[in-house]
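Q: Could you take me through one part of this structure closely, namely its aromatic rings and the spaces around them? I am in my first year, so please go step by step.

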Amino acid sequence: MKIRSVQTRIVEIPFTDGGKGQGITPSTWNTLETVLIRVEDTDGNIGWGEAFGYFIADATRSVVEHRIKPLLEGSTVDSIDAWSQLTQRQLHLFGRYGVTMFAISGVDMALWDLYAKRAGKPLYKVLGEGEKTRLSTYASLVRYNDTEVAPAVCRKALDEGFDSLKLHEINMAPIEACHRATAGQVPISVDVNCSWDMASARDNLQRLRQMGNISWLEEPIFPPEDFAALNSLRNPQVPIAAGENWCTEQQFRQAMQAGAVDYIQPSVSKVGGISEFRHIMHTAERHQIGVLPHSPYFGPGFLATLHLAAAFPQMLQVEYLYVDPAAWLIDLQPIRQGAEFVLSDQPGIGLAPDEAVVQQFLRS
Ligand SMILES: [Mg+2]
């Protein structure tokens, strides 16, 4: 396929979460920033991608605009894998794990959507052997650090049909309050975003083991790529998960060889896109390790994750960020049934961004 144009836009949509907007990140978090990528071929087909945005959307977009777009426009891509490897080589001086890979991820995703559309097939059918088109999600709550608000949001998510939850709490009091509020009815996972040191990780793991019904503990320690330290925390009762801050199959393979975790968590808009994600799935299959993708996205990154989950049976459950956006970048209603999503036979990722919403919330 010959690429006519690569277009990038940052869409920033406010959201509410029932809390104070404090928490996971060092500054207030109350908007969803998406680096939206549109790739068009010379036949007029369009592919959509999403590169990791959040608070660094401008940096990610800059890499696409200044380093990737000039190389890709006017070129012919016969193999997206080969394009990914070539682009990674060309840009490796700018960092193997971080913004450079986020930028490559978004363009890679758009190329795969384009490729599937040209083939007239839904993305999952060109990615793997799986046919599981009904995908379950868990509600991934933001951090409230409040023993009343967090349990109330847990109950709201259960009332809306979610049957598993993830907390981003780092203190045991709100974690225990949420566990009590759900009365152990549903599995709860705990994501601390690398906040604990080894001593508190060991102490808190002991408490989580005693609580029971904890489905996994995510990114307990810093740095997230300390595979030996992660390995030392593994235990029979509370599985350890990590991976949203690892990039490329190379790093995931090293983590799996080190026995770092029980579940890996690649993020399609960070890890190197669908090409690297697919290689990770094959490596995970060889290591017989389950995959819990990181996907707190509302754009093409969420849809791409659903298609990967349909294509690869070792994908266990998809993350759904439990917040209320002011508008939907992509209207998910046609494929949504409560906490489940059902993929159609539409080609590519199946749905496209709502251009009116893009224009309303366009940042640059
Ligand atoms: Mg996480």
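**Aromatic rings and the spaces in the fold**

A: One aromatic cluster is formed by Phe-162, Phe-298, Phe-302, Tyr-320, Tyr-322, Trp-328 and Phe-341. The model is a predicted one, and a search of the whole structure finds 18 aromatic pairs in it. Among these pairs is the one between Phe-52 and Tyr-54, which is stacked, with 4.8 Å from centre to centre and 20° between the planes. Such a description follows a general habit, in that a pair of aromatic rings is described by the distance of the centres and the angle of the planes. Both Phe-52 and Tyr-54 are buried.

Phe-52 also pairs with Tyr-297, and here the ring centres are 6.4 Å apart while the planes stand at 80°, so this pair is edge-to-face. The step from angle to name rests on a cut-off, because planes over 60 degrees apart count as edge-to-face, whereas those under 30 degrees apart count as stacked. To see what this pair joins, we can follow the chain: Phe-52 lies in the loop between strand S3 (46–51) and helix H1 (57–72), and Tyr-297 lies in the loop between strand S10 (290–291) and helix H11 (300–311), so the pair ties together parts that are 245 residues apart in sequence. Tyr-297 is buried, as Phe-52 is.

A further contact of Phe-52 involves a charge, since the charged end of Lys-270 sits over the ring of Phe-52, at 4.4 Å from its centre.

Phe-52 leads us on to the largest pocket, which is lined by 28 residues, and Phe-52 is listed with Ile-24, Thr-25, Asn-193 and Glu-244 as lying nearest the centre of that pocket. About 570 Å³ of space lies in this largest pocket, and its lining is made up of 14 nonpolar, eight polar and six charged residues. Domain 1 (3–121) and domain 2 (125–350) each contribute at least three residues to the lining of the largest pocket.

Cavities can be looked at in the same way, and the search of the whole structure finds four cavities of 30 Å³ or more. The largest cavity holds about 60 Å³ of space, and its lining consists of Leu-303, His-307, Ile-335, Leu-343, Ser-344, Gln-346, Ile-349, Gly-350 and Leu-351. By class, the lining of the largest cavity divides into five nonpolar and four polar residues, with no charged ones.

Key: Residues numbered from 1 in each chain as written. Predicted model: local features only at pLDDT ≥ 70, side-chain atom pairs only at ≥ 80, totals over all residues. Heavy atoms only, no water. Phe/Tyr/Trp six-rings, centres within 6.5 Å; stacked < 30°, edge-to-face > 60°. Buried < 20%, exposed > 50% of the residue type's maximum accessible area, 1.4 Å probe, protein only. Helix = DSSP H or I, 4+ residues; strand = E, 2+ residues; numbered from the N terminus. Lys NZ or Arg CZ within 6 Å of the ring centre and 35° of its normal. 1 Å grid on protein atoms, 1.4 Å probe; cavity = no way out; pocket = protein on both sides within 12 Å on 5 of 7 lines; lining within 4 Å. Points joined across faces, edges and corners; volume = space filled by probe spheres on them. Nonpolar A, V, L, I, M, F, W, Y, C, P; charged D, E, K, R; others polar. Domains from an automatic or database assignment.
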